[in-house]
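Trainee: Could you take me through one part of this model closely, namely its largest nonpolar core, and then set it beside what lies at the surface?

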Amino acid sequence: MKDLSSQPCLIARSLGTVGDAWSMLIMRDAHAGLSRFDEFRKNLGIAPTMLTSRLATLTQEGLLEKRRYSERPPRDEYLLTEAGRDLLPVLFSLAAWGSKHRGGGNFTRFFDAETGTEIDPVSIDRGTGAPIGSRPIRIVMPKLPDGPSD
């Protein structure tokens, strides 16, 4: 797939950064407290070369920060940045969609650690207060140098 980072659509740009399954699962695990290469590898069952590549991209894109925790042998951990922490509602929205459309059987559930209640995300448009998906949308492309805007 071509580089999506210069696309005018922010969904496309975002997918260019975290649009593959491994990246999303690494971010899920980072939110669950995993931070070390071996922890990610063991939990995900991902090939080391693939994990190295995904961690490098997530670090380069500013979702994770690499920090050295051992000099001998040299070992790094990967910590969430503000941008990485801001991805959590997206992960939970994806999980809610999966529960509705891909559920059934036994599946992972997510709970608030303080209250013990299951997390049930809702996306609300700040301007209207309406749940996203309950009203029609209109997509407006950016103005081209010599073209229309809609």
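Mentor: What follows is a walk from the core, through the strands, to a patch on the surface. Please keep in mind that this is a predicted model, and that every value here is computed from it. The largest nonpolar core has 18 residues, and those that touch the most other members are Ile26, Met27, Phe40, Leu55, Leu58 and Leu64. Two or more residues each are given to this core by α2 (21–31), α3 (37–44), α4 (48–60) and β2 (75–80), and α2 supplies the largest share, with four residues.

Leu55 is a good place to look in detail: leaving aside residues up to four places away in sequence, Leu55 touches Ile26, Phe37, Phe40, Leu64 and Tyr78. Among these contacts, Leu64 leads on to the strands, where the bridge partner of Leu64 is Leu80 in β2. Strand β1, which spans residues 64–70, pairs with β2 in the antiparallel sense over six bridges, and the two are joined by a hairpin through four residues.

For the surface, turn to Ile137, Ile139 and Met141, which make a nonpolar patch of about 360 Å². Ile139 lies in the segment after α6 (88–101). Because its relative accessible area is 64%, Ile139 counts as exposed, the cut-off for that term being over 50%; members of a nonpolar core, by contrast, are buried, which means under 20% relative accessible area.

Note on methods:
Residues numbered from 1 in each chain as written. Predicted model: local features only at pLDDT ≥ 70, side-chain atom pairs only at ≥ 80, totals over all residues. Heavy atoms only, no water. Core = buried A, V, L, I, M, F, W, Y, C linked by side-chain atoms within 4.5 Å. Buried < 20%, exposed > 50% of the residue type's maximum accessible area, 1.4 Å probe, protein only. Contact = heavy atoms within 4.5 Å. Patch = residues over 30% accessible without salt bridge, like charges linked within 9 Å, V, L, I, M, F, W, Y side chains within 5 Å. Areas by Shrake-Rupley, 256 points an atom, 1.4 Å probe, with all protein chains shown as cover. Salt bridge = Lys/Arg side-chain N within 4 Å of Asp/Glu carboxyl O. Pairing = 2+ DSSP bridges.
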